[in-house]
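This report looks at how strands pair and where charged side chains meet. Please keep the sequence and the model at hand while reading.

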Amino acid sequence: MSGYTLRLLDATRSEEIPGVVSFVGADASGSFGILPGHTRFMTALRVGLARFHCQDGPWRYLALPGGILSFDGQHLVLGTRRYLLEDDLDKVSAALRERLL
């Protein structure tokens, strides 16, 4: 399964993560997932946690105060004021409570 590139953008930095094969987030309609081959997609993410992983890799977690997500088939772009990226769910959950909310 080939993946897509996740581009994370906030007010002070940006980073690209290649080879993403699954992204799970939440918007006003609830949770959703994006796998390779998904159709074009755009939504406003709500405050909270999102997660993604690359092929054969562990889940990585994003804490964010909402944001705009768009997918064009090869690039998943997430723009937000700020985000926290962490491999440990407990750490990112605590950071979400302390820093973002």
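## Strand 2 and its partners

In this predicted model, strand 2 and strand 3 (residues 30–34) run antiparallel and are joined by 5 bridges. Within this pairing Gly25 stands opposite Phe32 of strand 3, and the connection from strand 2 to strand 3 is a hairpin of 2 residues.

Strand 2, which spans residues 14–27, also pairs in the antiparallel sense with strand 1 (residues 4–9), again over 5 bridges. Here Tyr4 has Val20 of strand 2 as its bridge partner, and a hairpin of 4 residues leads from strand 1 into strand 2. A further antiparallel pairing, with 5 bridges, connects strand 2 to strand 4 (residues 41–54), and in this pairing Leu45 of strand 4 is the bridge partner of Asp27.

## Salt bridges around Arg13

The structure holds 4 salt bridges, and two of those described here involve Arg13. The closest N and O atoms of Arg13 and Asp10 are 3.4 Å apart, while the side chains of Arg13 and Glu15 meet at 3.8 Å, N to O. Asp10, Arg13 and Glu15 are in this way linked in a network of salt bridges.

The members of this network can also be described by their accessibility. Asp10 is buried, with a relative accessible area of 14%, whereas Arg13 is partly exposed, with a relative accessible area of 38%. Glu15 likewise counts as partly exposed, at 26% relative accessibility.

## A salt bridge between distant parts of the chain

Another salt bridge is formed by Asp87 and Arg60, whose closest N and O atoms are 2.8 Å apart. This pair links distant parts of the chain, since Asp87 lies in the loop between strand 7 (84–86) and helix 1 (89–100), whereas Arg60 lies in strand 5 (residues 60–71), and the two are 27 residues apart. Both residues are partly exposed, with a relative accessible area of 46% for Asp87 and of 27% for Arg60.

## Asp27, a buried acid without a salt bridge

Which side chain of opposite charge is nearest to Asp27, and how far away is it? The nearest is that of Arg46, at 6.6 Å, and Asp27 has no salt bridge although it is buried. The reasoning rests on a cut-off: a salt bridge requires a side-chain nitrogen of Lys or Arg within 4 Å of a carboxyl oxygen of Asp or Glu, and the 6.6 Å to Arg46 therefore does not qualify.

The surroundings of Asp27, which lies in strand 2, can nevertheless be described in some detail. Its side chain makes a polar contact with the side chain of Thr43, at 2.6 Å. Leaving aside residues up to four places away in sequence, Asp27 touches Phe32, Thr43, Ala44 and Arg46. Among these contacts, Phe32 is the residue of strand 3 that stands opposite Gly25, so that the setting of Asp27 can be read together with the strand pairing described at the start.

Notes:
Residues are numbered from 1 along each chain as its sequence is written. This is a predicted model: local features need pLDDT of at least 70, side-chain atom pairs count only at pLDDT 80 or more; totals for chains, interfaces and linings use all residues. Side-chain values use heavy atoms; hydrogens and water are left out. Two strands pair if DSSP finds at least two bridges between them. Buried means under 20% relative accessible area, exposed over 50%, partly exposed in between (1.4 Å probe, protein chains only). Lys and Arg count as positive and Asp and Glu as negative; His and the chain ends are not counted. A polar contact is a pair of N or O atoms within 3.5 Å; within protein, one must be able to donate a hydrogen and the other to accept it, and residues adjacent in sequence count only if both atoms are side-chain atoms. Contact means heavy atoms within 4.5 Å.
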